[in-house]
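Welcome! Here are a few exercises to work through with the viewer open, each followed by a solution in steps.

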Amino acid sequence: MHQNYQDDGFFIVKDFLSPNELQNLREVVTQFHQSWRQENATFYATKAINSAYLTAKKHLRDAERETLFKFIGSAKLMNVVTSIIGEQPAFMNTQLFFDPVNINQKNYWHRDPQYHLSVDEQKKALHSLHVVHCRIALVDEPGVELVPGTHQRWDNSEEFDVRMELNGHKNYEDLASGFRVTLATGDLLVFSANMIHRGIYGMDRLSLDILFCDSVPELVKFVDNDCLPGPEILEKLECPDAFENTIAIKTWQLPL
Ligand SMILES: O=C(O)CCC(=O)C(=O)O
């Protein structure tokens, strides 16, 4: 496994995107964002910090979806993903992070699984399943704050009280153990969804996040069928494996 990921739970690849990839992704993502904002005007205006399901048909045309699928299924990105997850990664979803309209809205520390797993299950997940964020800055951005090592270790009492808002704490309070990672346009940040983290708002950020996981039904069940490519796109991808693994699990092990 990638050494920095193993030790700290994250690493950065500077200038991951070529100028051409950056331009193509920006165009498609901007198109998605405009359409999504119209459709979700109230949510956007009041509390949203991200959207998801970018590869679905709802907001993008086929050619635009293909641009996303080609990037996600590129050898370049998949080499990074397999360096962490191994040879059987599954595609999970895409998200887009942007600034909240309300400039007073506060960010929040969390581990991604805390919204669907009990505390005991969250502890076990640290030693079993991989869910990995591949976050690509489409403009310079303040980045995220991470607590290094928490992809493998449980919270100390300050971290637990803050992220769970216990004993009078709020989940936006600073943590002594937090480590800030800023990203420049085109950088890739890879980090474990299990680790304690929070976004940093500002700079009109626009960050494309692609999620991959182990090829297991308990994670792949979260994947939306609409977000998967059809056979005509799959055959055009350099590395279709992550999509194929997801499709295989959904087709054979879960009722569609
Ligand atoms: O950028 C953000 O606002 C939060 C990022 C995050 O929590 C995530 O990618 O899971």
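## Exercises on a predicted model

**Exercise 1.** Find out how many bridges join strand β5 to β8, and in which direction the two strands run. Then place β5 in its sheet.

*Solution.* Start with β5, which covers residues 141–146 and is joined to β8 by three bridges, the two strands running antiparallel. One residue to look for is Glu145, which stands opposite Arg198 in β8. Now widen the view: the open sheet has three strands in the order β6-β5-β8, paired antiparallel. Because β6 (179–183) and β8 (197–199) each have a single partner strand, they stand at the edges, and one side of each is left without a neighbour in the sheet. To finish, the twist from one strand to the next averages 25°. Keep in mind that you are looking at a predicted model.

**Exercise 2.** Glu165 and Met203 are not glycines; work out which sign phi has in Glu165 and in Met203, and where each residue lies.

*Solution.* First, recall the background: most residues other than glycine have a negative phi. Next, check the angles: phi is positive in both cases, at about 55° for Glu165 and about 65° for Met203. Then locate them. Glu165 lies in the loop between α7 (157–164) and β6, while Met203 lies in the loop between β8 and β9 (206–214). Last, look at exposure, where partly exposed means between the cut-offs of 12 or fewer for exposed and 20 or more for buried. Glu165 has 14 C-beta neighbours inside 10 Å, so it counts as partly exposed. Met203, with 15 other C-beta atoms within 10 Å, is partly exposed too.

**Exercise 3.** Which residues have the most contacts inside the largest nonpolar core? Follow Phe212 to its contacts.

*Solution.* The largest nonpolar core holds 54 residues, and those with the most contacts inside it are Val81, Ala90, Met92, Leu96, Cys134, Val190 and Phe212. Take Phe212 and leave aside its neighbours within four places in sequence: its contacts include Val81, Ala90, Met92 and Cys134. Pro89, Phe91 and Ala242 are also among them.

**Exercise 4.** Which residues surround the ligand, and how do they divide by class?

*Solution.* Begin with the names: Ile49, Phe97, Asp112, His133, Val144, His197, Gly199 and Asp209 surround the ligand. Then sort this shell by class, which gives three nonpolar, three polar and two charged residues.

Methods. Residues are numbered from 1 along each chain as its sequence is written. This is a predicted model: local features need pLDDT of at least 70, side-chain atom pairs count only at pLDDT 80 or more; totals for chains, interfaces and linings use all residues. A nonpolar core is a set of buried Ala, Val, Leu, Ile, Met, Phe, Trp, Tyr and Cys residues joined through C-beta atoms within 7 Å. Two residues are in contact if their C-beta atoms, placed from the backbone, lie within 7 Å. Two strands pair if DSSP finds at least two bridges between them. Helices (H or I, at least four residues) and strands (E, at least two) are DSSP runs, numbered from the N terminus. Axes are lines fitted to C-alpha atoms, for helices over the stretch in contact, and angles run from 0 to 180 degrees between N-to-C directions. A residue is near a molecule or strand if its C-beta atom, placed from the backbone, lies within 6 Å of it. Ala, Val, Leu, Ile, Met, Phe, Trp, Tyr, Cys and Pro count as nonpolar, Asp, Glu, Lys and Arg as charged, and the others, Gly among them, as polar.
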